[in-house]
Amino acid sequence: MGGAPAASAGGRCERPPLLPRVAATQGGGMLGKGVVGGGGGTKAPKPSFVSYVRPEEIHTNEKEATEKEVTLHLLPGEQLLCEANTVLKCVQEDSCQRGIYGRLVCTDFKIAFLGDDESALDNDETQFKNKVIGENDITLHCVDQIYGVFDEKKKTLFGQLKKYPEKLVIHCKDLRVFHFCLRYTKEEEVKRIVSGIIHHTQAPKLLKRLFLFSYATAARNSPATDPKKHAVMFDTLQDWCRELERTKGNMKYKAVSVNEGYKVCERLPAYFVVPAPLLEEDIEFFQGRGIPIWCWSCHNGCALLKMSALPKEQDDSMSQIQKNFSDRIYRTVHRPPYETAKTEDLSSNFLSLQEIQMAYSKFKQLFLIDNSTEFWDTDIKWFSLLESSSWLDIIRRCLKKAVEIIECLEAQNMNVLLLEDNASDLCCLVSSLAQVMMDPHCRTVFGFQSLVQKEWVMGGHCFLDRCNHLRQSDKEEVPVFLLFLDCVWQLVHQHPPAFEFTETYLTVLSDSLYIPIFSTFFFNSPHQKDMNVGKESQDSQSRPLNLLTVWDWSVQFEPKAQTLLTNPLYVEKPKLEKVQRKGTHFKHQRQLSLPLTQSKSSPKRGFFREETDHLIKNLLGKRISKLINSSEELQDGFREFYDGWHSRPPSYQGLLLPHLEGPEIKVWAQRYLRWIPEAQILGGGGVATMSKLLEMIEEVQRLQEKIEARHHSQEALQAEAASPPRTSGRLSSLFPFALLQRHSSKPVLPTSGWKALGDEDDLAKREDEFVDLGDV
Amino acid sequence: MASAPTSKYNSHSLENESIKRTSRDGVNRDVGETLPRLPGEIRITDKEVIYICPFNGPIKGRVYITNYRLYLRSLETDSALILDVPLGVISRIEKMGGATSRGENSYGLDITCKDLRNLRFALKQEGHSRRDMFEILTRYAFPLAHSLPIFAFLNEEKFNVDGWTVYNPVEEYRRQGLPNHHWRITFINKCYKLCDTYPALLVVPYRASDEDLRRVATFRSRNRIPVLSWIHPENKTVIVRCSQPLVGMSGKRNKEDERYLDVIRETNRQVNKLTIYDARPNVNAVANKATGGGYESDDVYHNAELFFLDIHNIHVMRESLKKVKDIVYPNVEESHWLSSLESTHWLEHIKLVLTGAIQVADRVSSGKSSVVVHCSDGWDRTAQLTSLAMLMLDSFYRSIEGFEILVQKEWISFGHKFASRIGHGDKNHADADRSPIFLQFIDCVWQMSKQFPTAFEFNERFLITILDHLYSCRFGTFLYNCESAREKQKVTERTVSLWSLINSNKDKFKNPFYTKEINRVLYPVASMRHLELWVNYYIRWNPRIKQQQPNPVEQRYMELLALRDEYIKRLDELQLANSAKLSDPSASPSSPSQMMPHVQTHF
């Protein structure tokens with residue numbers, strides 16, 4: 001490591017005052033900035049981008065430009081790798097295109113564009129500024145795909161380049177699209193920046209070379225906040241014991257420390273919970289495989305468990321041993337008539353990881369839009385494009401699977417044992433979804449963060465591989481966690497008062513997957529993390545590195561911005577007095593779910609019963625009807641449970657089920673559409689009502705204070721002036737993200753619309769009225 | 001064991017105070033209880049039937065038929081089902097099953113409704129009960145075929161507000177600043193002699209004489225000459241509506257028409273072109289020449305630019321809505337919801353209508369050009385475009401009364417053929433004249449209100465109520481095809497206006513988030529990314545797909561509003577107490593925390 005800036009004394013993750021400042025202007029008088037096109041708000045007439053200003057011309061306003069010195073902010077441990085000047089960042093706004101000159105740099109943490117801050121940041125932008133990632137910063141891990149434009153043709157860039165593009169297009173994993181025009185950049189700088197960016201974002205990396213470690217090393221002396229303030233980390237035996245206690249699972253389940261130091265296996269966390277009768281030898285027998293691992297207990301004592309599959313054995317005697325083992329182990333959770341268990345094999349008859357991968361790669365393309373024409377071209381076929389990606393259908397299937405499992409736990413009083421090869425992908429997804437729906441604690445910020453710690457981070461979800469952070473295998477890259485967040489978003493969207501967090505919280509959480517200063521999403525297992533931060537390794541002389549947790553939101557956002565993460569609609573659990581708490585604890589647990597009103601209504605009211613009855617009687621005859629009925633029994637139980645719940649008013653502090661019908665599963669607009677200017681509704685969307693609500697909350701608060709003030713000091717009354725109620729400006733429907741503010745009030749107009757109606761053509765040609773209009 | 005879910009069935013009935021009251025307070029469990037009746041409503045018959053609910057299976061009930069409605073109450077103890085259907089909503093009644101029908105509940109009636117649902121009743125085969133019910137229903141659902149009056153003429157409801165006074169054309173034009181130097185109000189159509197489908201009062205260019213108007217009328221389909229709909233308060237550009245010119249195959253010209261459009265152009269000197277929007281697809285406009293119609297070609301109308309807006313005709317819209325019904329009723333297409341929705345083309349049509357209206361509004365507002373809008377006859381697509389553009393441009397129309405005026409003006413007075421398009425009281429369910437053009441307009445308004453939830457004074461219920469009474473025939477508002485017919489039937493004297501119902505109970509229809517913003521032009525985003533199927537209207541019969549009512553943001557907001565009002569009251573009281581007890585500050589009123597009701601908002 002070369003002349004890296006020494007760790008600043010401040011060492012915090014915010015930009016410390018002692019950060020090295022690098023001037024924007026460098027090299028032979030070539031200027032780094034200037035605004036091209038659309039100056040003064042006039043719109044460019046042509047939709048395609050043409051820059052009419054040559055670099056020479058820019059010299060003329062050199063003086064003015066140098067006054068505003070643009071600085072590159074580096075984090076502790078961050079190093080500048082390469083840079084290029086006179087890069088033109090194209091900005092698409094309304095239908096005209098503009099550009100901003102600036103410097104494009106690549107560090108070992110991010111790609112950054114340092115342009116002229118021509119317009120003062122808008123109010124809402126500053127309000128939700130990320131302290132780590134600037135508006136024009138792309139962390140290396142956030143880069144999805146890099147394209148080069150050669151003679152108007154867009155090509156994917158990878159490896160060694162023979163020819164360098166005139167334009168660089170970067171698609172990000174958070175769905176931003178950047179266009180950098182390199183036409184006015186010096187040739188050698190183009191080479192350096194393009195190959196630098198390609199190399200640092202695409203070449204396989206070693207874990208030890210993650211920025212995470214340079215950052216943590218540089219910021220070693222900084223006082224890190226206690227992660228336990230933000231979530232239960234589940235890295236101690238105590239944490240698990242408390243979780244058992246909280247869910248009243250401690251009668252039947254026990255926390256074990258058999259894997260302390262990862263003696264049994266590296267897949268499992270050091271501490272976890274198993275059925276009480278299970279012996280420690282059993283856990284060791286197959287290195288923790290084939291063992292039911294406890295996730296959560298329902299108020300009725302039924303538990304949600306997960307289990308990784310036993311290795312496939314060819315040998316008969318071995319497989320006999322396995323079978324005996326499994327049968328014995330299974331009896332720890334399945335002991336009829338006392339308790340029964342249902343096994344849910346997620347690797348065979350549910351989703352496959354390939355399906356998820358395929359779906360998402362199609363789905364995200366719908367939002368990585370280069371220009372307005374592309375937006376409107378895809379608009380006509382929008383619904384079928386959405387459907388053909390199957391992403392929404394996959395969301396529906398995940399939600400449905402969770403509801404099925406809940407029905408088993410709640411209505412049938414069964415333990416549910418989730419089975420998957422490694423129990424670290426779909427198990428995490430389904431189990432945490434079920435918990436979000438059943439356990440209101442998981443719908444608080446603290447509870448949700450603890451849930452992610454428990455099921456995903458400690459559950460050994462391979463974040464490093466699934467996010468492809470090391471660029472080692474594209475095949476392993478599957479957005480399982482993002483799928484989970486999208487499923488949770490559906491719930492948040494359908495039942496806003498049930499969650500303490502907002503959709504903005506989910507969106508920034510999804511963005512945080514790619515910020516390598518937090519350790520949370522950068523390891524495949526707790527074992528891997530411990531090995532690499534020096535907790536377990538013998539040779540490290542110094543004390544272990546202190547890695548940041550993503551759950552400390554103050555690292556990324558100022559307090560004001562953090563308020564956008566909590567939901568003003570949240571219906572809090574009625575706070576209990578401390579004295580009462582102990583006594584009512586059990587009662588509160590009972591409230592976790594709705595009272596079990598198993599209204600076994602008469603069969604004639606069953607789902608589809610009318611149709612099937614009819615069909616059966618008329619077509620199939622009695623024998624087959626029996627078959628059909630028995631196979632439908634399960635489906636019926638599910639339907640009844642689902643319909644029963646939805647026919648009652650939702651109780652936000654109890655069981656929460658999603659709507660699964662076609663029109664109810666929606667696109668998470670805030671995450672996916674946020675960077676597309678055409679999709680913005682200025683002054684509209686749910687944001688408009690929400691900001692009115694917030695204004696009203698403020699007003700009520702002010703009144704409340706006034707009343708209180710009057711009680712305390714009556715003299716102050718005369719002095720106070722009636723402060724006018726704050727009225728917010730018009731926000732974009734994609735607030736707080738909308739990067740590009742549309743300054744004009746011009747409407748966005750579809751550029752392509754009409755198409756033939758196919759089968760309706762003959763109708764379309766008809767006259768409205770069948771009356772001749774007179775002489776022809 | 002809790003009892004079976006109950007209240008979910010009856011919440012979909014049409015808005016009706018009397019019904020709401022009886023079904024909510026639980027008294028209706030008594031079998032002998034009276035059915036809700038409007039003044040003037042007469043009970044005809046009742047029958048025991050089995051209602052074949054597509055969502056919950058067969059339910060035994062008693063059906064009551066009056067001259068206004070069909071009312072069904074469940075006779076089963078575990079169901080509180082109530083159906084309340086105005087007969088006007090019925091488009092078709094069919095008998096199902098015959099004398100040889102074997103299956104259970106296979107003999108009865110199948111009733112198709114205009115509001116996207118079907119009602120099926122099973123009846124006993126013996127005793128002619130089906131024949132009776134069929135005949136009575138046919139008679140009262142289709143009174144026109146039986147020389148009976150439409151119920152609106154029998155309705156004796158009294159409201160404390162008279163909805164017929166809401167719209168006064170002179171007042172509305174005065175609000176717009178008319179007449180002025182360039183535009184005059186003319187009574188040339190007082191007796192509907194110039195154009196029988198236009199209103200009596202028209203606004204035309206000051207420089208066009210009555211004789212000019214008569215000549216222009218000969219060159220416009222059904223004499224629907226270009227007249228002013230709206231004038232921009234600042235730049236004085238106008239929206240003018242009309243029907244197509246009668247160009248025909250031979251490419252006929254009419255000097256007066258050409259000059260007339262030029263006169264319209266000259267009222268605005270900011271740009272030297274007049275913009276004409278032909279709502280039709282280009283090919284249809286060309287095809288219309290064959291029947292004598294056509295469009296303004298630029299080699300004849302030199303100072304005009306013509307654009308086609310590609311909106312399809314009434315037949316396409318009707319078929320599209322049929323397809324919507326197919327995918328939502330009774331069961332919602334699940335796994336292929338999105339592609340089925342796309343295949344109905346419904347939202348695509350909505351998109352085109354909105355796009356057209358945005359273009360009109362933008363041309364007037366920022367293009368500073370006057371605009372002429374027409375389609376073929378200028379009473380379907382034209383009404384959609386002008387009224388939506390006016391809604392975007394003029395915040396007045398976004399208030400409850402403003403919207404009523406907009407509907408009354410652009411739709412009712414300018415001769416949207418409600419009678420033909422809806423088929424009030426008419427048994428010919430397959431009539432090719434029927435088409436959901438007005439519904440489509442309301443859907444567009446809903447899309448706008450969804451995109452701009454603070455811009456409209458009215459709520460979703462207001463729009464649904466309008467649509468429900470579009471069919472119900474309880475009010476005279478949507479009866480007949482044009483003003484002249486309405487005048488002949490003395491509709492305003494003999495019937496009640498829908499706006500009487502709404503305006504006497506306005507709070508129910510108010511959007512609490514409404515923020516009045518004068519001069520704000522509202523451009524919705526006409527992209528499929530934002531357009532949605534109006535679930536609360538099209539899928540409201542399905543108990544599984546029910547949106548949260550009221551929506552949680554609204555509910556919380558109302559709570560806060562109440563709290564704010566209480567605090568303000570409290571402050572006032574304190575102020576009073578203060579000034580009274582200035583001498584004795586120790587006697588303070590009770591602590592504030594006691595006064596604060598619990599709110600689910602953490603501060």
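Buried means under 20% relative accessible area, exposed over 50%, and partly exposed in between, with a 1.4 Å probe and protein chains only. This is a predicted model, in which local features need pLDDT of at least 70 and side-chain atom pairs count only at pLDDT 80 or more, while totals for chains, interfaces and linings use all residues. Residues are numbered from 1 along each chain as its sequence is written, chains are lettered from A and ligands numbered from 1 in the order in which they are written, and side-chain values use heavy atoms, with hydrogens and water left out.

**Exercise 1. Count the disulfides over all chains, and explain the result for A:Cys302 and B:Cys53.**

Step 1. Set the rule. A disulfide is a pair of cysteine sulfur atoms within 2.5 Å.

Step 2. Apply the rule. The count over all chains is 0 disulfides.

Step 3. Check A:Cys302. Its closest cysteine sulfur is in A:Cys298, 6.1 Å away, so the two are too far apart for a bond. A:Cys302 has 7% relative accessibility and is therefore buried.

Step 4. Check B:Cys53. This residue is in no disulfide, and the nearest cysteine sulfur, that of B:Cys113, is 13 Å away. B:Cys53 counts as buried because its relative accessibility is 4%.

**Exercise 2. Describe chain A by its elements, burial and contacts.**

Step 1. List the elements. Helices (H or I, at least four residues) and strands (E, at least two) are DSSP runs, numbered from the N terminus. Chain A has 26 helices and 15 strands.

Step 2. Take burial. Chain A has 776 residues, and 57% are buried.

Step 3. Take contacts, meaning heavy atoms within 4.5 Å. Consider those in chain A between residues at least 6 apart in sequence: 74% join residues at least 24 apart.

**Exercise 3. Find the residues that touch the most other members of the largest nonpolar core, and the helix that gives the most to this core.**

Step 1. Define the core. A nonpolar core is a set of buried Ala, Val, Leu, Ile, Met, Phe, Trp, Tyr and Cys residues joined through side-chain atoms within 4.5 Å. In soluble globular proteins, nonpolar side chains tend to be buried together.

Step 2. Name the residues. The largest core has 287 residues, and those touching the most other members are A:Phe448, A:Phe484, A:Ile517, B:Phe403, B:Phe438 and B:Tyr538.

Step 3. Name the helix. Helix 12 of chain A (residues 391–411) gives the most, with 13 residues.

Step 4. Look around A:Ile517. Beyond residues up to four places away in sequence, A:Ile517 touches A:Leu75, A:Phe109, A:Val132, A:Phe211, A:Leu212, A:Tyr215, A:Leu548 and A:Val555.

Step 5. Note the other core. Apart from the largest core lies another of 35 residues, including B:Leu194, B:Ile225, B:Cys242 and B:Ile276.

**Exercise 4. Place B:Ser376 and B:Asp380, then trace the polar contacts of B:Asp380 and B:Arg241.**

Step 1. Read the record. UniProt lists B:Ser376, B:Gly378, B:Trp379 and B:Asp380 among the residues for "binding site". Such positions are given in the numbering used here, feature names are shortened, and annotations may be inferred rather than shown by experiment.

Step 2. Place B:Ser376. This residue is in the loop between strand 14 (371–374) and helix 10 (381–393) of chain B. Its relative accessibility is 4%, so B:Ser376 is buried. Neighbours within four places aside, B:Ser376 contacts B:Ser221, B:Ser243, B:Gln244, B:Arg280, B:Asn288 and B:Arg381.

Step 3. Place B:Asp380. This residue also lies in the loop between strand 14 and helix 10 of chain B. B:Asp380 is buried because its relative accessibility is 1%.

Step 4. Trace the polar contacts. A polar contact is a pair of N or O atoms within 3.5 Å; within protein, one must be able to donate a hydrogen and the other to accept it, and residues adjacent in sequence count only if both atoms are side-chain atoms. The side chains of B:Asp380 and B:Trp379 make one at 3.5 Å.

Step 5. Add B:Arg241, in strand 11 (residues 238–242) of chain B. B:Arg241 has 0% relative accessibility and so is buried. Its side chain reaches the backbone oxygen of B:Gly378 at 2.9 Å. A polar contact of 2.8 Å joins its side chain to that of B:Glu410.
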